[in-house]
Amino acid sequence: MSALLEVVGLSVAYGRIEAVRGVDLRVGQGEFVGVIGSNGAGKTSLMRALAGVVRPAAGHMRFAGADVTGLPSHRMVAAGFALVPEGRQVFADQTVEDNLLLGAYHRIGRDRAGVGEDLARVFTLFPRLAERRRQLAGTLSGGEQQMLAIGRGLLARPRLLAIDELSLGLAPRVLEQLFPVLTALNRDGLSILLVEQMASYALTVTARTYVMEQGRMLLEGRSRDLARDPRVLAAYLGRHAAAP
Ligand SMILES: Nc1ncnc2c1ncn2[C@@H]1O[C@H](COP(=O)(O)OP(=O)(O)OP(=O)(O)O)[C@@H](O)[C@H]1O
Ligand SMILES: [Mg+2]
């Protein structure tokens with residue numbers, strides 16, 4: 001699989017705190033990749049560096065065939081990297097439709113038809129958003145706000161959709177509606193990078209997973225193999241490996 005995103009030796013530091021320490025990561029074209037790890041492992045810091053929200057202290061990033069090391073977030077969006085940030089960060093006092101259109105700010109002036117198509121597609125994927133298009137985003141439920149944040153990411157028409165903590169604060173019933181949407185988007189060709197606390201979900205929907213701890217990549221492998229790995233079972237799934 002050719003690499004869409006290739007990261008080598010990436011580090012992120014906040015003053016003297018090194019949150020990400022020399023991480024290598026790769027997402028193939030059309031791949032669905034997960035990152036799991038405990039609180040404070042550095043997952044969000046990694047995603048923010050990939051998205052150009054924070055500048056890496058060291059390392060190199062290639063995306064869609066170009067060196068994108070240190071590019072600011074608006075350039076990463078234009079290159080096709082969309083981040084659905086931890087905690088959604090929707091604009092509470094704007095409507096659902098206006099929040100979605102914010103995802104397309106970089107192309108709204110020159111691609112009205114395309115933006116209209118993408119808006120219609122998001123409303124088909126998430127009928128709840130279609131029904132609430134004129135409602136203020138702050139009045140949506142947590143699950144609907146996550147749908148909105150994903151929809152806003154899709155309005156960028158990304159090559160890679162990165163999602164930080166899809167499950168945050170959501171009930172299993174809501175997650176069971178959201179994960180199949182990601183699977184369907186991936187089947188249609190979208191590359192996805194999913195950071196997830198709920199390792200059991202992430203290992204089920206993704207093809208390959210990285211395990212991050214204390215700023216480093218501890219393990220990497222096929223999700224179905226990691227789901228049976230004793231180290232993953234004990235640390236992230238709260239289970240002991242089944243007796244052979
Ligand atoms: N803006 C910041 N300034 C200083 N330190 C930070 C900042 N953001 C994160 N950190 C520190 O970096 C480390 C990694 O945090 P990060 O949020 O990346 O972890 P995480 O894996 O996303 O955790 P969680 O699972 O809780 O979301 C932590 O020790 C955290 O305190
Ligand atoms: Mg985080």
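## A pair of helices

The crossing of helices α6 and α7 is right-handed in this predicted model. To find the pair, look for residues 142-154, which form α6, and residues 172-187, which form α7. The two helices pack with their axes 10 Å apart and at an angle of about 15 degrees. Because angles under 35 degrees count as roughly parallel, α6 is described as roughly parallel to α7.

## Who surrounds the ligand

Let's turn to ligand 1. Its shell is made up of 13 residues, and the closest are K43, T44, S45, E86 and Q197. Helix α1, spanning residues 43-50, supplies three residues of the shell, the largest share.

What is the chemical character of this shell? Seven of its residues are polar, three are charged and three are nonpolar.

## Polar contacts and burial

Oxygen atoms of ligand 1 take part in several short-range pairings, and both side chains and backbone contribute. On the side-chain side, S45 places a polar atom 2.6 Å from an oxygen atom of the ligand. E86 likewise has a polar side-chain atom 2.6 Å from a ligand oxygen. G40 takes part through its backbone instead: a polar backbone atom of this residue is 2.8 Å from an oxygen atom of ligand 1.

How much of ligand 1 does the protein bury? Taken alone, the ligand exposes 630 Å², and the protein buries 61% of that area.

Methods: Residues numbered from 1 in each chain as written. Chains lettered and ligands numbered in written order. Predicted model: local features only at pLDDT ≥ 70, side-chain atom pairs only at ≥ 80, totals over all residues. Heavy atoms only, no water. Near = heavy atom within 4 Å. Polar contact = N/O pair within 3.5 Å; in protein donor to acceptor, adjacent residues only side chain to side chain. Areas by Shrake-Rupley, 256 points an atom, 1.4 Å probe, with all protein chains shown as cover. Helix = DSSP H or I, 4+ residues; strand = E, 2+ residues; numbered from the N terminus. Nonpolar A, V, L, I, M, F, W, Y, C, P; charged D, E, K, R; others polar. Axes fitted to C-alpha atoms, helices over the stretch in contact; angles between N-to-C directions. Parallel < 35°, antiparallel > 145°, perpendicular 65-115°, else oblique. Left-handed = near helix turned anticlockwise from the far one by under 90°.
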